[in-house]
Amino acid sequence: MRENARVAADFKGDYQELVDEISELLGVPATLENRDFELIAFGAYDSEGELDPTALDPVRTRSILTRRSTATVRAWFEGFGITRATGPVRIPPSPEAGVYRGRICLPVRHRGVVLGYVWLLDGDPGPTDAQLAAAMEVAGRIGALLADEAEAGAGLSRELRAVLTAEPGWQQDMAVAELRTALGPRADGPLTLVCVAPWPSPDPDDAPAARTIPHATALCTLPWGASEQSLALLVRLRATEVTAPALAAAGRLLKEAEAARGGRRGGAGSGAGVPALGNAARGAGARTAAAGFAGAVGGGGGAGCAAGVGDARIGLAELGAVWQEAAAATRAALAEPRFGPVAEWARIGPYRLLTALPPRAAHDPVVGPLLSPAHRELARTAEVYLDCAGQAARTAAELGIHRQTLYYRLSRVEQLTGLDLDDGEDRLLLHMALKRARL
């Protein structure tokens, strides 16, 4: 794992130095983006020592502020052949596209593969051929650095996945030791995990680079349900009680997932992108009934996704437990919209216990008949009644029905299940079964 230790270095600083070198060399601002048009570094060079206001056209401004370009901008630039180019490509200004200054694109390649682009603002007179040749030499060094980072990131991804999938015991201990070696000093501070599911692709290359997410250290994909994927992100924190970096990272990943999922909906079948709950609905018996109930009362994330954040720990020793918490919080957010779109393990209440129950515990045979699609309204009535602590007036107001209608429905619930809603343990069983069915 010695080759992965390079990832502990500050790649960002290396990129910034190289971009500044190009800016100084050519006397114009330079911007470095990866091949997915995610911002890596930018230079604000000006001969007077001040930023040239004309350098900030809308496209460059957005790239710097949001750290990425839109799909439209990307398609427009790629239309000039930059993905195939091996030398500088001049792109004229296009005010209607928000590009007020002409660009020079230096493709960043390594062993023939394009890994990114250096963008220069063109002028009159522009850089000489000799200057551009020197800048391309620097771009080649950037390409080698990007390749090193990609290799190190792939190693971290494998090691993080090994930790999160290993059986407790010596296998997990060995995986943790390997990850600790790769991370170096970053393995010793406060850490937590973010789970995003369902994630639209099993390929980590389809996820944002960990470098582009503040405080992120490593990421990997893991199975989610029968046929979906989830994304695990390891996040460094300043303190175990300060979760803001993890919440921000989760929000960023949700935007990425939704954007990717939206791009696939047009060609996907009606089942594409549905959370694992949708797969359960294809089962039989009580599992089918539970899935039908969850859909009826609004459980699940539809075609969307949700994120969960586990409790922070110091170091890597309990990373497996943190992942279980993050995944459980994600399931709670998918089941209960009030928790989402980002749920913290510490804030999901009884779902901390419900998510730990084995699958069979979700389908108590007594409650099964109530979970059938034919009794959706009765199930919803029972759940709201129990959520309202058995207060009839509050329940009727919440459901928008007359109190006598409520009493009738509750009597039907008792007939179907054989439970006595005046009995505390029966009410507990029913409440747990209804909540667990959402998962």
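Strands S7 and S8 make a hairpin in this predicted model, with three residues between the two strands. Within that turn, Gly225 adopts a positive phi of about 70°. The two strands, S7 (residues 216-224) and S8 (residues 228-236), run antiparallel and are joined by eight bridges. One point of reference along this pairing is Cys220, whose bridge partner in S8 is Ala232. S7 is mostly covered, with eight of its nine residues buried.

A second hairpin is built from S4 and S5, here with two residues between the strands. Its turn holds Arg111, which has a positive phi of about 50°. S4 (residues 103-110) runs antiparallel to S5, and eight bridges join the two. His110 of this hairpin stands opposite Val113 in S5. S5 also pairs with strand S1 (residues 30-34), again in an antiparallel manner, through five bridges. In that pairing, Asn34 stands opposite Gly116. As for burial, eight of the nine residues of S5 (residues 113-121) are buried, so the strand is largely enclosed by the rest of the structure. In a regular strand, side chains alternate between the two faces of the sheet.

Attention now turns to the aromatic residues. A pair of aromatic rings is described by the distance of the centres and the angle of the planes. Seven aromatic pairs are found in a search of the whole structure. In one of them, the ring centres of Tyr117 and Trp119 are 6.0 Å apart and the planes lie at 45°, so this pair is tilted. Tyr117 has a relative accessible area of 1% and Trp119 one of 7%; both residues are buried because the cut-off for burial is under 20%. Tyr117 and Trp119 also belong to a cluster linked by ring pairs, together with Phe37, Trp76, Phe77 and Phe80.

Another pair brings together Phe339 and Tyr351. Their ring centres are 5.6 Å apart and their planes stand at 80°, so the arrangement is edge-to-face. Phe339 lies in the loop between helix H9 (319-335) and strand S11 (342-344), whereas Tyr351 belongs to helix H10 (residues 351-354), so the pair ties together parts that are twelve residues apart in sequence. Phe339 is buried, with a relative accessible area of 13%, and Tyr351 counts as buried at 1%. The ring of Phe339 has a further partner: the charged end of Arg338 sits over this ring, 4.4 Å from its centre.

Helix packing can be followed in the same spirit. Two packed helices are described by the angle between their axes and the distance between the axes. For helix H11 (residues 376-387) and helix H14 (residues 424-438), the axes come within 10 Å and cross at roughly 115°. The crossing in which H11 passes H14 is left-handed. On the H11 side, the residues that meet H14 are Ala379, Ala382, Glu383, Tyr385, Leu386 and Asp387. On the H14 side, they are Arg427, Leu430, His431, Leu434, Lys435 and Arg438.

These local features belong to a protein whose secondary structure comes to 14 helices and eleven strands. Of its 439 residues, 48% are buried. Among contacts between residues at least 6 apart in sequence, 66% join residues at least 24 apart.

Notes: Residues are numbered from 1 along each chain as its sequence is written. Side-chain values use heavy atoms; hydrogens and water are left out. Buried means under 20% relative accessible area, exposed over 50%, partly exposed in between (1.4 Å probe, protein chains only). Helices (H or I, at least four residues) and strands (E, at least two) are DSSP runs, numbered from the N terminus. Two strands pair if DSSP finds at least two bridges between them. Rings of Phe, Tyr and Trp (its six-membered ring) pair if their centres lie within 6.5 Å; planes under 30 degrees apart count as stacked, over 60 as edge-to-face and the rest as tilted. A charge sits over a ring if NZ of Lys or CZ of Arg is within 6 Å of the ring centre and within 35 degrees of the ring normal. Axes are lines fitted to C-alpha atoms, for helices over the stretch in contact, and angles run from 0 to 180 degrees between N-to-C directions. A crossing is left-handed if the near helix is turned anticlockwise from the far one by less than a right angle, and right-handed if clockwise. Contact means heavy atoms within 4.5 Å.
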